[in-house]
Amino acid sequence: MKICVIGTGYVGPVAGTCFAETGNDVICVDVDARKIKMLNKGTIPIYEPGLKELVDRNTSKGRLSFTTDLNKAVKQSLINFIAVGTPPGDDGSSDLHYVLDVARSIGKAMEGYKVIVDKSTVPVGTADMVREVIGEETEHSFDVVSNPEFLKEGAAIDDFMRPDRVVIGVDNSRVEALMKDLYSPFMRTGHPIIVMDVRSAEMTKYASNALLATKISFMNEIASLCEEIGADVSMVRQGVGSDLRIGHQFLFPGCGYGGSCFPKDVKALIHTARERGIRLEILEAVESVNERQKELLVKKVKTYFGEDLKGKRFGLWGLSFKPRTDDMREAPAIAIVNSLLEAGGTVQAYDPQAMEEAHRIFDNRITLMKDEYEAAQKADALLIVTEWNEFREPNFEVVRNSMKNPVIFDGRNIYDPQKMAAHGFRYFSIGRPVKETDYTSDPS
Ligand code: NAD
């Protein structure tokens with residue numbers, strides 16, 4: 001099939017490349033000429049494991065190309081995916097202007113029947129708006145489909161190639177058959193293509209992300225209580241998650257969720273409900289618990305060192321909102337760094353992939369170090385913010401000896417408190433009681 005994917009941020013290139021991988025002719029479009037130039041040279045503007053190999057293979061086979069020319073791309077394609085950003089507006093609503101601009105451009109470019117697929121996460125009713133905007137620009141017939149994306153950054157290729165499910169919102173059987181054909185190579189594992197009406201498909205994406213965010217905030221609240229009453233949330237998590245009705249996923253307490261999806265999608269759903277006079281009280285709490293959680297690590301730092309952090313140097317391990325991505329959108333690291341700086345501290349940080357992004361966000365307000373060991377050097381305390389695998393088993397002796405104070409605040413619970421005590425660290429984590437006997441050194 002001839003496919004056009006508009007928007008080459010995180011979702012667009014992954015979707016486009018995976019469609020090419022199954023034999024389709026795919027052209028990806030972006031207004032950002034820099035990105036398109038990079039992609040045409042085989043350089044991937046984002047860090048996503050496995051993507052470069054797939055892009056190289058499919059471009060060399062002539063099935064995948066990149067352009068800034070939306071007009072040409074739409075003309076030559078039957079199915080046109082809209083995969084542009086839908087960032088939050090000031091009031092929490094989803095900003096649809098990128099989606100609607102693209103819809104208008106598609107309408108203008110059309111010279112015959114087209115399928116337009118909303119892959120961006122968009123509020124219920126957006127497909128109707130897309131239909132209206134396109135209809136204003138063309139006399140040709142077209143179908144609008146909702147096909148929300150569920151991939152996870154860091155595991156995006158695998159998620160796309162072997163999805164748990166594909167959700168398709170359609171209003172007629174002709175386009176339903178077309179979409180099923182397109183996705184059938186990805187469903188050989190037996191997972192379902194779930195076909196529904198367009199509005200339900202749009203809602204499914206928000207409900208999924210909101211529920212995942214709820215699990216995280218719920219567990220973060222339980223972790224706070226565990227800490228107060230002397231229970232260990234790591235054990236509680238295992239006990240709870242082993243119930244098959246609950247499952248182990250998304251029950252890890254930490255220093256808050258971030259990323260380009262959960263925060264904005266929770267806000268957008270709250271906003272959608274509010275517009276209709278409905279309060280989503282659970283989700284309002286999910287959001288405020290998360291905001292509080294992002295401050296928790298610094299609160300622990302201040303309990304230890306005092307409110308004034310002047311003259312204190314903090315090492316930070318991890319800046320991206322989660323491991324295996326360079327994405328720092330709404331990353332807890334941003335709130336943590338800002339709070340440390342506001343209280344007078346200095347920050348030296350390392351992340352395996354997000355250094356460029358961190359430089360763009362913080363400029364020279366923090367020092368970016370060449371590796372995790374450098375980031376710990378002469379630090380009054382080390383903060384673990386993102387649970388990259390390479391932070392799990394460092395040479396603790398090197399870390400301890402290079403620090404000014406051997407103190408660790410672990411926002412992701414990646415270490416065993418007893419082992420950390422044995423390594424000579426004062427160690428604070430989330431939802432696990434701190435035993436005074438764990439300490440081997442005093443703050444100075
Ligand atoms: P992004 O912000 O990283 O990228 C969007 C791209 O669209 C940018 O490169 C931008 O230049 C381009 N663009 C904007 N206007 C354009 C236009 N008129 N023509 C062509 N290109 C244009 O976004 P993303 O993270 O890839 O997310 C895209 C959508 O998918 C969002 O709605 C998001 O909520 C949803 N989503 C994202 C993820 C994720 O993990 N990132 C997962 C599932 C769903």
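The following exercises concern the ligand site and the domains of a predicted model.

**Exercise 1.** Determine where the ligand lies with respect to the domains.

*Solution.*
Step 1. Begin with the domain assignment, which gives domain 1 (2–162), domain 2 (205–292) and domain 3 (294–440).
Step 2. Next, consider which domains supply the shell around the ligand: both domain 1 and domain 2 give residues to it.
Step 3. The ligand therefore lies between domain 1 and domain 2.

**Exercise 2.** Describe the surroundings of the ligand, from the residues of the shell to single atoms.

*Solution.*
Step 1. There are 26 residues around the ligand, and those that come nearest are Asp30, Lys35, Thr86, Glu153 and Lys264.
Step 2. Sorted by class, the shell comprises 10 nonpolar, 8 polar and 8 charged residues.
Step 3. Polar side-chain atoms of Asp30 and of Lys264 each lie 2.6 Å from an oxygen atom of the ligand. For Thr121, a backbone N or O atom lies 2.9 Å from a ligand oxygen atom.
Step 4. On its own the ligand has 840 Å² of accessible area, and the protein covers 88% of this.

**Exercise 3.** Characterise the interface of domain 1 and domain 2.

*Solution.*
Step 1. In terms of contact, 14 residues of domain 1 meet 10 residues of domain 2.
Step 2. About 990 Å² is buried between the two domains, with carbon and sulfur atoms giving 61%. Within domain 1, Gly92, Thr121 and Phe150 lose the most area to domain 2, together 39% of what that side buries.
Step 3. Across this interface there are 0 salt bridges, whereas 4 residue pairs are in polar contact.

Definitions and conventions
Residues are numbered from 1 along each chain as its sequence is written. This is a predicted model: local features need pLDDT of at least 70, side-chain atom pairs count only at pLDDT 80 or more; totals for chains, interfaces and linings use all residues. Side-chain values use heavy atoms; hydrogens and water are left out. A residue is near a molecule or strand if one of its heavy atoms lies within 4 Å of it. A polar contact is a pair of N or O atoms within 3.5 Å; within protein, one must be able to donate a hydrogen and the other to accept it, and residues adjacent in sequence count only if both atoms are side-chain atoms. Accessible areas come from the Shrake-Rupley method with a 1.4 Å probe; for residues, only the protein chains shown count as cover. Ala, Val, Leu, Ile, Met, Phe, Trp, Tyr, Cys and Pro count as nonpolar, Asp, Glu, Lys and Arg as charged, and the others, Gly among them, as polar. Domain bounds come from an automatic or database domain assignment. Contact means heavy atoms within 4.5 Å. Buried area is the accessible area (1.4 Å probe) that two parts lose on being put together, summed over both. A salt bridge is a side-chain nitrogen of Lys or Arg within 4 Å of a carboxyl oxygen of Asp or Glu.
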